[in-house]
Amino acid sequence: MCGIVGYTGLRDAYPIVIKGLKRLEYRGYDSTGVALMSDTLRVYKKMGKVASLEEITLGKELGGNTGIGHTRWATHGEPSDRNAHPHLSASGKLAMIHNGIIENYGQLKQELINKGYQLKSDTDTEVLLNFIEEIKNNNACSLEEAIRIALKRVTGTYVILLIDSEMPDTIIAARKGSPLVIGIGKGEHFLGSDASPMLEYTKEVVYVNDYELAIVKPQELILKNLGNERLTPYVQKLDIELAAIEKGGYEHFMLKEIFEQPKTIFDCLRGRLHADTGTITLSGIEQYSKALQKANRIVMIACGTSWHAGLTAEYIFEECCRLNVEVEYASEFRYRNPVIHPGDIILAISQSGETADTLVAIENAKAKGAIILGVVNVVGSSIARMSHAGAYTHAGPEIGVASTKAFTAQLAVLTMIAFKIGQLRNTISQERLSALLHELEAIPAKVEKILSYVEPIKKIAKQYAQARDFLYLGRGYNFPVALEGALKLKEISYIHAEGYPAAEMKHGPIALVDEQLPVVVVATRDSYHEKVLSNMQEIKARKGRVIGIITEEDTAALELCEAALHVPAADEMLAPMLNVIPLQLLAYYIGVEKGCDVDKPRNLAKSVTVE
Ligand code: G6P
């Protein structure tokens, strides 16, 4: 988490850094700060979002052609002005921002305290900065050398950017485990946690790798490893347009992204799904056709919404590929001693491609001989680069903190992978596959249709926005949809919501049902339909308030609902891509109704780069 931005060149750094920070606020918004270098080094920082920093800098001296900026998601030390980045070293000559966690900061801090240092904040960042300065002073070496020595002592993850007032046009950056992109301009360079801060200035970027150090000046980018050997920067061309990261007339990014789904799902299927020939092209995955044919086991690893996509895919893979499928929380998997056999397939699912737990979990599995396939949205991200092969979701930049379009794109890609493997293993008949491919092709139009029903959803949101708790139920393919619906509501509206398998309700949650409790039941027509209708009866009998996600013209289901949201009929395997849409909208409109900041929900961050 945390967003970092840097600029060095001929322009004023401040406006570039501030604009970049606004684009990176999705990574955290507990506090914001900038350090600017002109004739002196100036630091401005403030608890809260970028807008609060802008207020306190009004009328201040903001000149300088070199600058760094930070938007924080607090780990060490509460959100406050004092703990906001950039931090200044004891001498006041160095300023540093940091994304990540220095795990052995306690030990380093003690060493500094023993030497008489007095720290001003509770952060691990200030400890590392002073540790670097201490090495620089003691060894009478360059800042670059001091950073190298210090980083060899550090455990944890970091991207750090430093400015030294003795080198006014230089930013030194280093990375391990957190993302860093450097944009190459004409006589200027840009730095960012992702490419969004530099999009309007350059399309040429370098993704810095772990254990690399960059010395960035307006005219020069020097890349080295921690052994002080020079590396050749690998310059890549960005394929994102500026419009993709702007709101485009919508009130929130989340709403824009929900409404983009017909297009994003279409983009994801384009060139891959060939319903007319009954085939799927996934060139990355196809390199591993033999391994996939022989595989005994697939383990899906992910966090948050991506984990829900994996859980949905588990049902699809079992059905189509007749494989053992396990779906794991990356944060649990990485600390177990999981049994991995060479040749096992790991499917890493991640929107950002930077989630720290997912990254380490796949690193561990890779070391044990597993084949890593990535299902990732952000092109060039760490997980994408660490995977042996994969398929991008092509959903475009997702900025709303609560994931929406990335989820449906993940489902589309995972479904195609399952179909591909099923075809390779001959575990799905060509007739069934062809029918499914035609159905899959029709999904974007069906999503479009659901999106035209927003008025009833707004009405329902108004009606239920004051509820204290919500229960979400679903069965089979719709169980993960219920989990995702509950997660969306929690994230966006701060209403407590629980997702449960519909039939498990009898083993606990039914005790919560009373005339106050809204129970959202995902009850579209599928092989469990009759059973789910019985569950709805059970809730109704206890005066629970059933909100049904039901198939159009399903009068039997409609009769059991206090309120209903309709979706077009679809094969049960593909229905989650449709059924989740009204749940995203319901959460969105309830959040708006409650006056919540839906794009930046409290305490959350979009890209979780700390464990
Ligand atoms: C955070 C985000 C979620 C996301 C999860 C996993 O919690 O707020 O929206 O699902 O991380 O992120 P990933 O980028 O790996 O999909």
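For sorting pocket residues, Ala, Val, Leu, Ile, Met, Phe, Trp, Tyr, Cys and Pro count as nonpolar, Asp, Glu, Lys and Arg as charged, and the others, Gly among them, as polar. Keep in mind that what you're looking at is a predicted model.

**The second largest pocket**

With that sorting in hand, the lining of the second largest pocket comes out as eleven nonpolar, eleven polar and six charged residues. The pocket itself has a volume of about 610 Å³. If you want to find its middle, look for G304, E491, A605, K606 and V608, which are the closest to the centre among the 28 lining residues. Three elements each give two or more residues to this lining: helix α10 (304-321), strand β20 (345-350) and helix α18 (478-493). As for where the pocket sits, domain 2 (250-441) and domain 3 (449-597) both give residues to its lining, so it lies between the two.

**Salt bridges**

The structure holds 37 salt bridges. Here are three of them, with the distance between the closest N and O atoms.

| Pair | N to O distance |
|---|---|
| K136 and E166 | 3.9 Å |
| R148 and E144 | 3.1 Å |
| E593 and K462 | 3.6 Å |

Let's start with K136 and E166, a pair that links distant parts of the chain. K136 belongs to helix α4 (residues 124-139), while E166 is in the loop between β7 (156-164) and β8 (171-176), 30 residues away. Buried means under 20% relative accessible area, and K136 is buried at 17%. E166, on the other hand, has 48% relative accessibility and counts as partly exposed.

R148 and E144 are a more local affair: both are in helix α5 (residues 143-153), and because they are four residues apart there, about one helical turn separates them. Both ends of this bridge are buried, R148 with a relative accessible area of 4% and E144 at 16%.

Then there's E593 with K462. E593 lies in helix α21 (residues 575-593) and K462 in helix α17 (residues 454-464), so this bridge ties together parts of the chain that are 131 residues apart in sequence. Neither partner is buried here: E593 is partly exposed at 35% relative accessibility, and K462 is exposed at 56%.

Some bridges also share partners, and that joins K93, K136, D164 and E166 into one network. The K136 and E166 bridge from the table has both its residues in this group.

**A look at helix α21**

Back to the helix that carries E593. How far should the 19 residues of α21 span at 1.5 Å a residue? The expected span is 27 Å, and the end C-alpha atoms of α21 are 28 Å apart, which agrees. The helix is mostly covered, with 17 of its 19 residues buried. Just after α21, G595 takes a positive phi of about 75°.

**One more residue to find**

Last stop, A391. You'll find A391 in strand β22 (residues 389-392). Is A391 buried or exposed? With a relative accessible area of 5%, A391 is buried. If you want a sense of scale, compare its position with that of A564: the two are 173 residues apart in sequence, and their C-alpha atoms are 36 Å apart in space.

Terms used:
Residues are numbered from 1 along each chain as its sequence is written. This is a predicted model: local features need pLDDT of at least 70, side-chain atom pairs count only at pLDDT 80 or more; totals for chains, interfaces and linings use all residues. Side-chain values use heavy atoms; hydrogens and water are left out. On a 1 Å grid over the protein atoms alone, a cavity is a set of points where a 1.4 Å probe fits but cannot get out, and a pocket is an open set with protein on both sides within 12 Å along at least five of seven lines; lining residues have an atom within 4 Å of a point. Grid points are joined across faces, edges and corners, and a volume is the space filled by probe spheres set on the points. Domain bounds come from an automatic or database domain assignment. A salt bridge is a side-chain nitrogen of Lys or Arg within 4 Å of a carboxyl oxygen of Asp or Glu. Buried means under 20% relative accessible area, exposed over 50%, partly exposed in between (1.4 Å probe, protein chains only). The expected span of a helix is 1.5 Å times one less than its number of residues.
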